[in-house]
Amino acid sequence: MGVRVPPSKRFVRFVDWLNLHDYYRESRLGGHLETIQGKRSMLFFHEHGVYANGLSIHGAWTSSLRQVATFNFFIDKMLRSWNPAAKILADLHGHVRGITRTEMRRCISAGENLAACPGGFTEATLTSKREQHAVVRTKFACILLRYALQHGYRIHPVYTFGVNEMFHVFTGLESLRLKLNTFGVPAVWFFGLPWFPILPLFNIPLLTYVGVPLELPLIEQPTADDIMHWLNKYEQALVDLFDEFKAEAGFPHVT
């Protein structure tokens, strides 16, 4: 779709006025927000859930993060370009990008902040009310880590509690659905409100926490071993963040 709607700060302020947080029983962005810097910061959002509500509600569409720093929010390029509603909202926002190497390189080369869901479709497919899921070892995560190492970025793990409870989801045929992910198909079957199934349940908490940053060295040509080394460190940083805030979020016994 070639037609682009101009960005609108007035529309962003209107969304702020709507206060999307009020939809949920409890909704907030917290954690170590004070550690976010104005340049060369990445936010890796987990758990994706069905709609990536952490990235959207507590990322792109919250003034709480906007007051700390400006971020570019990366979403699936097909969703960004070909879903009419998503495209218009992304255009109006002004900082929602499609996941392409060209767009990511442009942002990273300029030292701009970015946020994304490295678990992507896989994390969405594994969504279950029975347990929390965070998928770290994906191709997209490795690409982001490579760029981060090449340009000396700081990576913040971000975890959202509650997204796995927003919808009733079908959890069978997991192997088949994960296979469909490899072809770019988001194999998530779900329903929310009985009278409007595409809307999430609202009597749930949506609580997002930002972790302390993982300071990456500057490596011009990172090797596969370099990427795996820092992927392991990131995985541990995400676990530490989860353990730090799970009791506050109301999930003290979840692992």
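Trainee: Between which two elements does the loop that holds Glu47 lie?
Mentor: This is a predicted model, in which local features need pLDDT of at least 70 and side-chain atom pairs count only at pLDDT 80 or more, while totals for chains, interfaces and linings use all residues. Residues are numbered from 1 along each chain as its sequence is written, and side-chain values use heavy atoms, with hydrogens and water left out. Helices (H or I, at least four residues) and strands (E, at least two) are DSSP runs, numbered from the N terminus. On that basis, the loop with Glu47 lies between β2 and α2 (53–60).

Trainee: What is the omega of the peptide bond that joins His46 and Glu47?
Mentor: His46 belongs to strand β2, and Glu47 lies in the loop that follows, between β2 and α2. The peptide bond that joins the two is cis, with an omega of about -20°.

Trainee: Which non-glycine residue in the loop between β2 and α2 has a positive phi?
Mentor: The loop between β2 and α2 also holds a residue with a positive phi of about 55° that is not a glycine. This residue counts as buried (under 20% relative accessible area; exposed is over 50%, partly exposed in between; 1.4 Å probe, protein chains only) because its relative accessibility is 11%. The residue is Ala52.

Trainee: Is Asn19, which has a positive phi, buried, partly exposed or exposed?
Mentor: Asn19 is found in the loop between α1 (9–18) and β1 (26–31), and its phi is near 55°. Because its relative accessibility is 29%, Asn19 counts as partly exposed.

Trainee: How many of the six residues of β2 are buried?
Mentor: β2 spans residues 41–46. One side carries Ser41, Leu43 and Phe45, the other Met42, Phe44 and His46, and both faces are covered. The number of buried residues in β2 is therefore, by the cut-off of under 20% relative accessible area, six of six.

Trainee: Which strand pairs with β2 over six bridges?
Mentor: Two strands pair if DSSP finds at least two bridges between them. Strand β5 (residues 113–116) runs parallel to β2 and is joined to it by three bridges, with Leu43 bridged to Ala115. The six bridges, also in the parallel sense, include the one from Phe44 to Pro157, and they belong to β6.

Trainee: Which four residues touch the most other members of the largest nonpolar core?
Mentor: A nonpolar core is a set of buried Ala, Val, Leu, Ile, Met, Phe, Trp, Tyr and Cys residues joined through side-chain atoms within 4.5 Å. Of the 35 residues in the largest one, those that touch the most other members are Met42, Ile155, Phe161 and Leu216.

Trainee: Which elements give two or more residues to this core?
Mentor: In soluble globular proteins, nonpolar side chains tend to be buried together. A second, separate core of 22 residues includes Val12, Phe45, Trp61 and Val96. For the largest core, the elements are β2, α6 (101–109), β5, α8 (139–151), β6, β9 (205–210) and α10 (224–245).

Trainee: Against which elements do the buried residues of α8 pack?
Mentor: Among the buried residues of α8 are Phe140, Ile143, Leu144 and Tyr147. An α-helix has 3.6 residues a turn, so residues three or four places apart point the same way. The packing partners of the buried residues are β2, α6, β5, β6 and α10.

Trainee: Which backbone oxygen lies 3.1 Å from a polar atom of the side chain of Asn164?
Mentor: Asn164 lies in the loop between β6 (154–161) and β7 (168–169), and it is buried, with a relative accessible area of 2%. A polar contact is a pair of N or O atoms within 3.5 Å; within protein, one must be able to donate a hydrogen and the other to accept it, and residues adjacent in sequence count only if both atoms are side-chain atoms. The Asn164 side chain reaches the backbone oxygen of Glu131 at 3.5 Å. The oxygen at 3.1 Å belongs to Ser128.

Trainee: Which residue from the loop between β2 and α2 is in contact with Asn164?
Mentor: Contact means heavy atoms within 4.5 Å. Leaving aside neighbours within four places in sequence, the contacts of Asn164 include Thr127, Lys129 and Gln132. The contact from the loop between β2 and α2 is Glu47.

Trainee: What is the radius of gyration of the protein chain?
Mentor: The chain has 10 helices and 10 strands. Its radius of gyration is taken over C-alpha atoms, and the globule rule is 2.2 Å times the number of residues to the power 0.38. That rule gives 18 Å for 255 residues, so the chain is as compact as a globular protein of that length, with a radius of gyration of 17 Å.
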